[in-house]
Amino acid sequence: MATRIADSGGIPLVDQPFRSNRWRRLRRGDLIPGLLFISPWIVGFAWFQLYPIIASIRYSFTDYNMMQPPIWLGFANYTRLFTEDDLFRKALANTAIYALFSVPLDLFVAFCFALLLNLRIPGRPIFRTAFYFPAVIPSVATAILWSMLLNTKGGLVNVALKAVGLPVIPWLTSPTWTMPSLILLSVWGIGPIVVIFLAGLQDVPRELYEAAKLDGAGPFRLVRDVTIPMLSPVILFNLVIGIIAALQVFAQPFVIFGGGQGGGGGAAGGPLNSVLMYSVQLYTVAFQQFQMGYAAAMAWILFAIIFSLSLLSIRFSNRFVHYE
Amino acid sequence: MKPAQFDRRKFLRGAAVAGATIPALGATLAPTPSRRAAAADAVSLEFWTPADDPVGSKIITKLADDFNNTIGKEKGIQVNTRIKPVTGNNYVQYTTAMTSSGSPDVVMTYVYDPVVAWAANGFIQPMDQYAKAAGIKEEDFFPITWDMINFAGHTWGLLQEFDFNQFWWNKSIHSGEPPKTIDELDQMAKEYTKFDSDGNLTQAGFIPWLHWNGSVTGWEWASMWGGRWYDADNRKWTINTPENQKFLEWFVKYADMLGGRDKSDAFEAAIPKTYGDIFQTGVIAFAQEGEYIPPMLKAEELTLSYGITQTPTAQGVPAGTAYTTGGNLFLLPTKAPHPQEAAIFIQYMGSGKAVLDWCIPNSNIPPTKAAANDPSFTQQLPELKPWLDTLEANHMVPPSQSPQLPIFDQEFPNLIDEVTYKKATPADALTSLDAKIADAVKRFQANHPDWQGE
Amino acid sequence: MSNVVEAKALRVQIPLDRVAAQRRSQMLTRGGLVLAFLIVVFFTVLFVAPIYWMVVTSLKTTAEVFAIPTVWWPARLMWSNYPDALNVFPFITYAANTLRIAAPVTIGTTISSALVAYGFSRLRWRGRDLVFYLVLATLMIPTWVTLVPLYILFNHIGWVNTYRPLVVPSFFGDPFSIFLLRQFFLRQPQDLVDAARVDGATHLRIFTQIILPLSRPALAVVALFAFINSWTDFFNPLIYLSNPDKYTLQLGLFNFFSQHFVNWPGFMAASVVVLAPIAVLFFLTQRTFIEGITFTGIRG
């Protein structure tokens, strides 16, 4: 059903077929207005971003400690990453697992909550605020909170588990549980995704629901046949942003598993490096070990991964995403 | 609404500069001329400090003000104190600023960790000539503090205070004499370790890796076994040694005693993470804690019953062995616009008066003999006697002064995890870490031929 | 099913004010609503736990913060933590500074991102999507490796220790907001744009009179996120500001962390005061992007 609707009126993202000769005439001048409209970004990019980007690409082929002139190494940083660095591999694998589970989970949960919070239930503004708020609490505060809620002795979560006869779980201290905990904790930050979904739900035309209802569709069919197709551009947005954010996850693991208060200098990798994340490792290499060239190589590998995954999602979703 | 700080003329000028810069990509940007002095004649110094808490910030600001009103007035130096907060060891905002011509003139750190890497990578400059001119002498310092600021053939700054741990016991669990040797400690710890019916810890005698989760406890306890990770005299890493292996085997023994690393970690997570309040819950008999704890306990009006003594050592290792974790350091960035004036201010911050002004209210250890023996210090902080005794014994172990320390610091907690979770034997873990550090040394030396030692 | 497609085809012919009135759909029965309400309440409790904990901690003594078993409600409420906390740093000055950054950032981000998003959605030109991928790509570069060159750049043009590095870039489009608005603009009826074009409307007019009013929910989200991100940002002010007179609220919160000790009650009390405006703002504005969108003047 979704594809049928999309096929009937959907326009592919990459290029859109012009519908008539009249259109073609109107379109001829669109390059200039197009560039004019995007000119703020072009100026900002050239001014603030181009130099740092090119500089960091160059660093990735050098030994560079940020103070002394970079020493050219060719591809040595890249080969060292792939052949010698077990922490790099560990961080890459951990981050991949985190993204693989947290992105779909967060998207699904946020979508469900957006639907629920779009219903006319009493106290709706309060509920919406409550769902959004965890996203703005300082990460140091949340780290302490979770270590209190999740600890094995008197932690609320384990007290609840015990009450229903389940075993107590060492959420943040056992290498087997740190990753599931981090994935579950990501749900707690879905506020912005819910808000974006809610905004998207506002312009789904009611007559589409009415029409579907005339066909005898129940709530689940309505969601499947109307809401999801009509919301598909927003779903795609949240998916791509979710991939970008998950693969660069930094603050939560960094603060929860060390790195914050206290000494010792080590990276925030959790027990047995079980939640050593890519961006955390990158930060450590760059700003604690002063290997900026090596960190830049890591950054560009991560970039290539995120970019190809995002592009894949966009291309793949063209078949499903419905634009007016 | 037009943002007030959006100055159009400067904006356009900025655009022109950026436009001119972009074609020259990759080339290092030319430095701008150094800052203009604020007052007509006085040189304006930018001094960055992480002391942002109410106590620390007041002391540092007052010291700088005092300087401005005395030596500063005399020599035409005006210090602007900039409180730049840090969390843990993350001095990223300092590092970033020090790369540019907007570098601060003087930088203070709370910890030792970034100092050697900054020195080795050229972020801070040697202060040899200034130290000599100012008459800074080795005999004024304790050997350990002299070693901390002098390494790789240069003087790198001045200390205002430094920290190390002593052995504390909880008198509500252990009422007798404290253990003197590691064997005694092991016996007592075993006796006080208790489990519930599910096999979970309810009370621990001693958790050697408590709080620091690796690095500091690893350095500290290896030295109680006579082990050194880094030989400061010969500037060499000494990782794969029999003493270090003994130390790791001892950690494994405690992992077993505590019912496994997972049990002890779960237990540890359920006790407070801040420093000094481990006795509050009354579930640990022994712990290593720093000199800054006693006044905190007093301030919180906790009625605790504890004793403090020197850390137990293995056979053949002298009593009074201790490992220092760092201290307040004052450093001179390489790109400081006014190095000469900065050196004068640094000298002042390391002088006797400034040291006591900081150490007494904060309960820290002075780096100079005169300040540590000053009656005002010993009278106001009698509970620090064990620390002064330990200093007197002169078996302190300095932190590593290798540029590879940050790499070691990342690998080391993981090594301890692998050994105590029994994923690797102590011998294998040491061999593998030894190889990794040797690689890092090789890579560093290839591009820094001037740096002394490993 | 064919009804769905037909209704969509008919949609442009339906007067838009009627569409507005019908925006809100009611998909569930009364029983379903009650169930939904209960589910929402259950999860809200989970999501509210941290807020509760923040507020309760702000009213505890330091000893109570880490007491085991956890103190869920302190024996004596320490209201004095609030005035104490607000005396630790110059609260009013820092709040004014934060607002001086957040207000222009909100305006700059919203206007510039909307313009750019229009260029990426409602105009068709060669290479458009390629450039758009470049915009997206800038979101994917880890900030740690561009931090030092960017700082050197800002220092070179004399912007360090001013608000400009925090404010000026927002006037040149924020990739996240551009992407978000693009996706929403693409959902607006193309036929409206086409019809306006045939009538001779300029792009600027289509943009301001058709697309923007129709996208009010998304614009509100972008503005709100821009404000909140700027208000809660601590890293960029930390890097670029060094004169305490210019500090922001988030930097003020650092005053509760000393080398070996954290004043948790003070930190939490200050955090509550710093974050309360955000909660109020969100509560007040959520109607804009979630309810009542009016379509005045779009046919003009």
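Chain B of this predicted model carries 19 helices and 14 strands. Of its 454 residues, 62% are buried. Contacts in chain B with a separation of 6 or more come in at 76% between residues 24 or more positions apart. Chain C reads quite simply: 16 helices and zero strands. Its 300 residues are 61% buried, and 73% of the contacts with a separation of 6 or more link residues 24 or more positions apart. Chain A has 15 helices and two strands. Buried residues make up 61% of the 324 residues there, and for chain A the share of contacts from residues 24 or more positions apart, again counting separations of 6 or more, is 67%.

Staying with chain B, helix α10 covers residues 242-257. From first C-alpha to last, the 16 residues of α10(B) reach 22 Å, close to the 22 Å expected at 1.5 Å a residue. The buried residues of this helix include several aromatic names, among them B:Phe247, B:Trp250, B:Phe251 and B:Tyr254. B:Asn244, B:Leu248, B:Val252, B:Ala255 and B:Met257 are also on the buried list of α10(B). After the helix comes B:Gly259, with a positive phi near 85°.

Strand β6 of chain B, residues 158-170, is home to B:Phe162. With a relative accessible area of 0%, B:Phe162 is buried. So what does B:Phe162 touch, leaving out residues up to four places away in sequence? The partners are B:Ile144, B:Thr145, B:Met148, B:Glu291, B:Thr324, B:Gly326, B:Gly327, B:Ile365, B:Pro366, B:Pro367, B:Leu391 and B:Met396. One of these, B:Thr145, sits 17 residues away along the chain, with 8.0 Å between the two C-alpha atoms.

Backbone angles are worth a quick look too. Most residues other than glycine have a negative phi, and most peptide bonds are trans. B:Ala152 is not a glycine, yet has a positive phi of about 50°. The residue is placed in the loop between β4 (150-151) and β5 (154-155) of chain B, and B:Ala152 counts as buried because its relative accessible area is 7%, under the 20% cut-off. Chain A offers a similar entry in A:Phe290, which is not a glycine and has a positive phi of about 60°. Its loop runs between α14 (278-288) and α15 (292-317) of chain A. A:Phe290 is buried as well, at a relative accessible area of 4%.

Next up is a helix pair in chain A. Helix α5 (residues 86-117) and helix α12 (residues 219-247) have axes that come within 10 Å and cross at roughly 145°, and the crossing is right-handed. On the α5(A) side, the residues that meet α12(A) are A:Thr95, A:Tyr98, A:Ala99, A:Ser102, A:Val103, A:Leu107, A:Phe111 and A:Leu115. The α12(A) side of this contact includes A:Val223, A:Ile228, A:Leu231, A:Ile235, A:Asn238, A:Leu239 and A:Gly242. Sorted by class, the contact of α5(A) with α12(A) holds 14 nonpolar residues, five polar ones and no charged ones.

Where does A:Gln248 sit? The answer is the loop between α12 and α13 (251-256) of chain A. A:Gln248 has 18% relative accessibility and so counts as buried, since the cut-off is under 20%. Setting aside neighbours within four places in sequence, A:Gln248 is in contact with A:Ser279, A:Leu302 and A:Ile306 from chain A, and with C:Leu139, C:Met140, C:Ile141 and C:Pro142 from chain C.

Over in chain C, helix α6 spans residues 91-121. This 31-residue helix reaches 43 Å from its first C-alpha to its last, close to the 45 Å expected at 1.5 Å a residue. Is α6(C) largely enclosed or largely open? Of its 31 residues, 23 are buried, so α6(C) is largely enclosed by the rest of the structure. Helix α16 of chain C, residues 264-290, contains C:Phe282, which counts as buried at 1% relative accessibility. C:Phe282 and C:Phe225 are 57 residues apart in sequence, and their C-alpha atoms are 9.8 Å apart in space.

Finally, the cysteines. A disulfide is a covalent bond between the sulfur atoms of two cysteines. Over all chains, the count of disulfides comes to zero. Burial varies: A:Cys112 is partly exposed at 27% relative accessibility, whereas B:Cys359 is buried at 0%.

Terms used: Residues are numbered from 1 along each chain as its sequence is written. Chains are lettered from A and ligands numbered from 1 in the order in which they are written. This is a predicted model: local features need pLDDT of at least 70, side-chain atom pairs count only at pLDDT 80 or more; totals for chains, interfaces and linings use all residues. Side-chain values use heavy atoms; hydrogens and water are left out. Axes are lines fitted to C-alpha atoms, for helices over the stretch in contact, and angles run from 0 to 180 degrees between N-to-C directions. Helices (H or I, at least four residues) and strands (E, at least two) are DSSP runs, numbered from the N terminus. A crossing is left-handed if the near helix is turned anticlockwise from the far one by less than a right angle, and right-handed if clockwise. Contact means heavy atoms within 4.5 Å. Ala, Val, Leu, Ile, Met, Phe, Trp, Tyr, Cys and Pro count as nonpolar, Asp, Glu, Lys and Arg as charged, and the others, Gly among them, as polar. Buried means under 20% relative accessible area, exposed over 50%, partly exposed in between (1.4 Å probe, protein chains only). A disulfide is a pair of cysteine sulfur atoms within 2.5 Å. The expected span of a helix is 1.5 Å times one less than its number of residues.
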